[in-house]
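The following explanation proceeds from a pair of helices to a sheet and the helices that lie across it. Please consult the structure as the description unfolds.

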Amino acid sequence: RLKFGFMRALRRLQAAATTGVVASQTQKRSPVAHSACRQAPAMAAKVLTWSELSQFAIPEPDRVNGPTSSQATLRLFGQREDQVRVTLYRDNHAWCPYCQKIWMYLEEKQIPYRIAKVTMFCYGEKEAWYKKIVPSGMLPALSIDGKLITESDEIMWGLEQTFGPLVEGMEGPNVFPLRRLERLLFRAWCDWLCRPHNNSSDANARKQFVTVARQVGKALDAKGGPYFLGKELTTADCVFIPYVERMAASLYYYKGYDLKQDVPQIGRWFAALETRSTYLGTQSDYHTHCHDLPPQMGGCYTNNTPEAQNAARHVDEGPYNTIPDCAHESRSNIAGEVVTRVQKHIHNILKANPDGDKEKVDAAIRAALTQVVTGGPCAPPDGSDAALRYIRDRVNVPRDMSIHAGKIFRQALEDAAAMVGKRGGPQIPTRHRRDQDPLGFRL
């Protein structure tokens, strides 16, 4: 019904448009336009109003009992709210890898829980109420029946003791050695990514990382795959997911190294994860990780090879649909998801933008959204290129929207900006991300 409603709305707007252009078979179109839009015979030329765009908005999903969602604050999995025994304290932006580990575990086990979102030091001031609970401010933290636990391994241990293991426990004969392997991989990654190198030392660090990564590949083969212990996702997978996801993103961007391609078992593991709604709800994209990691890790260092330079340009400027951060097909009506999410937060998006001409920025955003819903180019106001690229660089997955929605929105922002200029917005900070302070975006 959503898809048919989407197409009816599109046809009405195209018929009503006072100016329009007919798409030829050779005309350039957004490479990540929504598949339903690509079937449309015409492209809208005029910038749609918010009222017209709202026809493409979709109902808010069921965040309590539906698929995993970064916007959820309560998860019941069909149970009663008075049965909730757990509260997860995780970071507001879904950047924290240790939070993702616990988040995945709770979703896979379908343990009812509440979510309290907390600001990370790298992008804002820690909430006073949280520092009263956890004076160190560390994340994640978890409360079971009122008992607070910190440190992600201790949290998983506590969840196992209360609700049972996810197939095999943390100390199990298969999981424990894999946990040690994950730490070896982590150390090799940090040594390559987070230290300045000359050509020789960079090559040595790469060799060390690749050696361990291929051990991980062999471990995935050992039980027949696609997961670490075979056909079932287990505790071991939850341990590996957060940092391997970040390794794949950061090494592509800063080193020009494609982990999924070089170690195909890891590529197949990610493909299997992407069949699960639990992972899709927590999955981030390369752009988000490559720019949220530097302040968390104390710096990320490029090797400045042509491969790294090309990869960084790819992640930053597109085309976004060819970035190797996901293999699954986009679901239906991601254009509606983009419109819904942007429209909900448009006041704060405008307020945060450094361009002072808010009417111009508003029209520019609507031009990009017009491309999202029609699949055809729509010119924004002159001089809006920097404002559009400021937003492009600060779309966060999965905080703001799902990975494919993020791709088509970023592409539309870039395509619109390219029509009126080459200016970029302020550079993304690397020592901190106070440009992402959630205080300005709370409804």
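A crossing of two helices is called left-handed if the near helix is turned anticlockwise from the far one by less than a right angle, and right-handed if it is turned clockwise. In this predicted model, the crossing of helix 17 with helix 18 is left-handed. Helix 17 covers residues 385–392 and helix 18 covers residues 403–420; their axes come within 8 Å and cross at roughly 165°. Because angles over 145 degrees count as roughly antiparallel, helix 17 is roughly antiparallel to helix 18.

On the side of helix 17, the contact is made by D385, L388, R389, I391 and R392, which meet F409, R410, L413, E414, A416, A417, A418 and V420 of helix 18. Sorted by class, this contact has eight nonpolar and five charged residues, and no polar ones.

The sheet is described next. It is open and is formed by five strands in the order 3-5-4-6-7, with mixed pairing. Strand 3 (74–75) and strand 7 (147–150) each have a single partner strand and stand at the edges, so one side of each is left without a neighbour in the sheet. Strand 4 (residues 86–91) and strand 6 (residues 141–144) run antiparallel and are joined by four bridges. T87 has S143 in strand 6 as its bridge partner.

Two helices lie across strands of this sheet. Helix 4 (residues 97–109) lies across strand 3, strand 4, strand 5 (113–118) and strand 6, and runs at about 145° to strand 4. Helix 6 (residues 152–163) lies across strand 4, strand 6 and strand 7, running at about 20° to strand 6.

Methods:
Residues are numbered from 1 along each chain as its sequence is written. This is a predicted model: local features need pLDDT of at least 70, side-chain atom pairs count only at pLDDT 80 or more; totals for chains, interfaces and linings use all residues. Side-chain values use heavy atoms; hydrogens and water are left out. Axes are lines fitted to C-alpha atoms, for helices over the stretch in contact, and angles run from 0 to 180 degrees between N-to-C directions. Angles under 35 degrees count as roughly parallel, over 145 as roughly antiparallel, 65 to 115 as roughly perpendicular and the rest as oblique. Contact means heavy atoms within 4.5 Å. Ala, Val, Leu, Ile, Met, Phe, Trp, Tyr, Cys and Pro count as nonpolar, Asp, Glu, Lys and Arg as charged, and the others, Gly among them, as polar. Two strands pair if DSSP finds at least two bridges between them.
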